[in-house]
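Hi,

Here is the structure I promised to pass on. Have a look at it first, and then read my notes below.

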Amino acid sequence: MSVEDILAAENELTHLLGAQQAVVLSTRIRLARNLEGMPFPGWAKVPQRKEISDRCVEALDALPKFRRGHVLRMGELGDRDRAVLVERHLVSKELAAGKSGAAVISRDQTCSVMVNEEDHLRIQVVKAGWHLRGTWHIAEQLDDALGGSLKLAFSDRLGYLTACPTNVGTGLRASAMVHLPGLCLAGHMDKVSRALNQDGLAVRGWLGEGTEAAGNVFQISNQQTLGLSEEAILKHLGGWIKNVVEQEWNARRKLAQEEGEKFVDRLARSLGLLRSARLLTSSEAMNMLSHLRLACDMGCLPEERRHLVDRLMIEGQPAHVQARAGQELDSDGRDRRRAAVVREALKDFPEVVQPTA
Amino acid sequence: MSQPIKCSLCEEAATVHLSQVVHGNVTKVHLCEACAQKGGATDPAVFQLADALTAASPAPTLTCPECGFTDIDFRKRGRLGCPSCWETFADALGGLLSKVQHEASHVGRAPAGTLPAGQLRRRLDAARREMEKAIAGEDYESAARLRDEVAELEKQLTPS
């Protein structure tokens, strides 16, 4: 199994249809775990990292969830393949940057476990749309299964022991990837971000820590991992996401009502531009695709086209464009190729109409 | 002309100057714009970090017997060396934890079959509190789930 197979396979995030995906693109659960008696990856010597990797990969490979899945060792992959995995959120930039990391990915790409990132194990489960409980249950089962075959570092007082004090305890980071064009257009995003920060939630851009919010897509996650039960963490995040989704819909409806023709014009222009551009930068594509996604949510474009917009957001990223072209491309070459892919995908899109939502 | 003040965290010229007064003791930290933004100039942890970095203690005072990691390494990296480091540096980490995590003890899940009694009791207390909150907030769906959790924990705590 290779990165090529991952690109070719249909998966939830790029191919699933469903009304639940308006506003919330995906739900993610991450658990940080470590082996007892082994130094953390950042402090381990090369042979120790090898031993950690071998033990973890062996245990993961034996789990039914990863049957016929992918075992990818970063040291064996080329730059472009690693960049594709980062763009798909299957591995972090940090894991991709090192040689001793590995990723074990389930066949359906919903579960991926990073080995030798900051911690020995980073269990990740991602579901398309808003499914906090379902996503958590899969992660919980994986955690139990792994705890059965590996002795995990755990203390009665501090919970799961991690390399960084910001993850100790539950090791749980729960997050939602949300698309908030309404709040951004209305100029309310700073206010919402501040309110979330003040109540212990982090707001980040599309590719996580330190990235900007291309395409009005934000990742909202809990920060505190110690002193709260998993149940309490999920409930706190869930309550806020519900609130943010409501505010986003209010902002969208208000914009559509107050702007009238101008609102539809903005969405229609983006479709026109995407359909005729010959050169398209990554951030330009993301911002225009954000308008198309908004149009699908609002009934200005058919809702069943939304997954195609989501797929273009993922496949319009630089490494994806090059992987699809099968060659390294310079910046102009990527912009040309991206524009061609988008034009082709949107050629039979219907015209933008008045909102119904 | 006098030398510009250097950033306490890197070698750039400092443009942000902070003074903190605790019980009459004044601590000053000078930061360049980049470090100030990165650390969040209003975060009290910046003072702690700057203290740690500028304190003239070239020799480590604590070393983890398991992995050889020292307190100096922690100051440099902000990450620990191995699970045993949590015990070795427990005192130093306690203060940091209450800052970054607000709470200093775990109430979440544990590896299957290893939950000690103290941990079970804390979880039970937490689940009961959350259940009461859920009932008060008329969130009966969560309350029912928590009631099952409480019952399960009580069962585990009763010696069979």
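**Strand 10 and its partners**

In strand 10 of chain A, A:Gln219 is the bridge partner of A:Arg204. Before going on, please note that this is a predicted model, in which local features need pLDDT of at least 70 and side-chain atom pairs count only at pLDDT 80 or more, while totals for chains, interfaces and linings use all residues. Residues are numbered from 1 along each chain as its sequence is written, chains are lettered from A and ligands numbered from 1 in the order in which they are written, and side-chain values use heavy atoms, with hydrogens and water left out.

Helices and strands here are DSSP runs numbered from the N terminus (helices are H or I with at least four residues, strands are E with at least two). Two strands count as paired if DSSP finds at least two bridges between them. Strand 9 and strand 10 of chain A run antiparallel and are joined by four bridges. On strand 8 (residues 172-179) of chain A, the pairing with strand 10 is also antiparallel, over five bridges. There, A:Phe218 of strand 10 has A:Val178 opposite.

How many residues of strand 10 of chain A are buried? Six of its six residues are, so the strand is mostly covered; buried means under 20% relative accessible area, exposed over 50%, and partly exposed in between, with a 1.4 Å probe and protein chains only. A:Val217, A:Gln219 and A:Ser221 point one way, A:Phe218, A:Ile220 and A:Asn222 point the other way, and all are buried.

A:Ser221 sits in strand 10 (residues 217-222) of chain A, and counts as buried because its relative accessibility is 1%. With neighbours within four places in sequence set aside, the contacts of A:Ser221 include A:Arg173, A:Ala174 and A:Ser175, as well as A:Gly200, A:Leu201, A:Ala202, A:Arg204 and A:Leu237. Contact means heavy atoms within 4.5 Å.

**The sheet and its other edge**

These strands belong to an open sheet of eight strands in chain A, with the order 2-3-4-5-1-8-10-9 and antiparallel pairing. Its edge strands are strand 2 (70-73) and strand 9 (201-204) of chain A, each of which pairs on one side only. On average, neighbouring strands of this sheet are turned by 20 degrees against each other, direction ignored. Axes are lines fitted to C-alpha atoms, for helices over the stretch in contact, and angles run from 0 to 180 degrees between N-to-C directions.

Strand 2 of chain A pairs with strand 3 (residues 102-105) of chain A in the antiparallel sense over four bridges. A:His70 has A:Ile105 of strand 3 opposite, and A:Leu72 has A:Ala103 as its bridge partner. The side chains of strand 2 alternate: A:His70 and A:Leu72 point to one face and are buried, whereas A:Val71 and A:Arg73 point to the other and are not.

**Helices of chain A**

A:Asp54 is placed in helix 3 (residues 46-61) of chain A and counts as partly exposed, at 33% relative accessibility. Its C-alpha atom is 9.6 Å from that of A:Ala102, although the two residues are 48 apart along the chain.

Helix 14 (residues 331-346) of chain A has 16 residues and should span 22 Å at 1.5 Å a residue, which agrees with its end C-alpha atoms being 22 Å apart. The expected span is 1.5 Å times one less than the number of residues. Buried in helix 14 are A:Gly333, A:Asp335, A:Arg338, A:Ala339, A:Val341, A:Val342 and A:Leu346. Their cover includes helix 10 (261-276), helix 11 (282-297), helix 12 (306-315) and helix 13 (318-325) of chain A.

**Chain B and the cysteines**

Chain B has seven helices and two strands, in the pattern β-β-α-α-α-α-α-α-α along the sequence. Of the 160 residues in chain B, 31% are buried.

Over all chains there are zero disulfides, a disulfide being a pair of cysteine sulfur atoms within 2.5 Å. A:Cys164 is in none, and the nearest cysteine sulfur, that of B:Cys85, is 13 Å away. B:Cys82 is also in none, with the nearest cysteine sulfur, that of B:Cys67, 3.6 Å away. A:Cys164 is buried at 8% relative accessible area, and B:Cys82 is buried at 4%.

Best wishes
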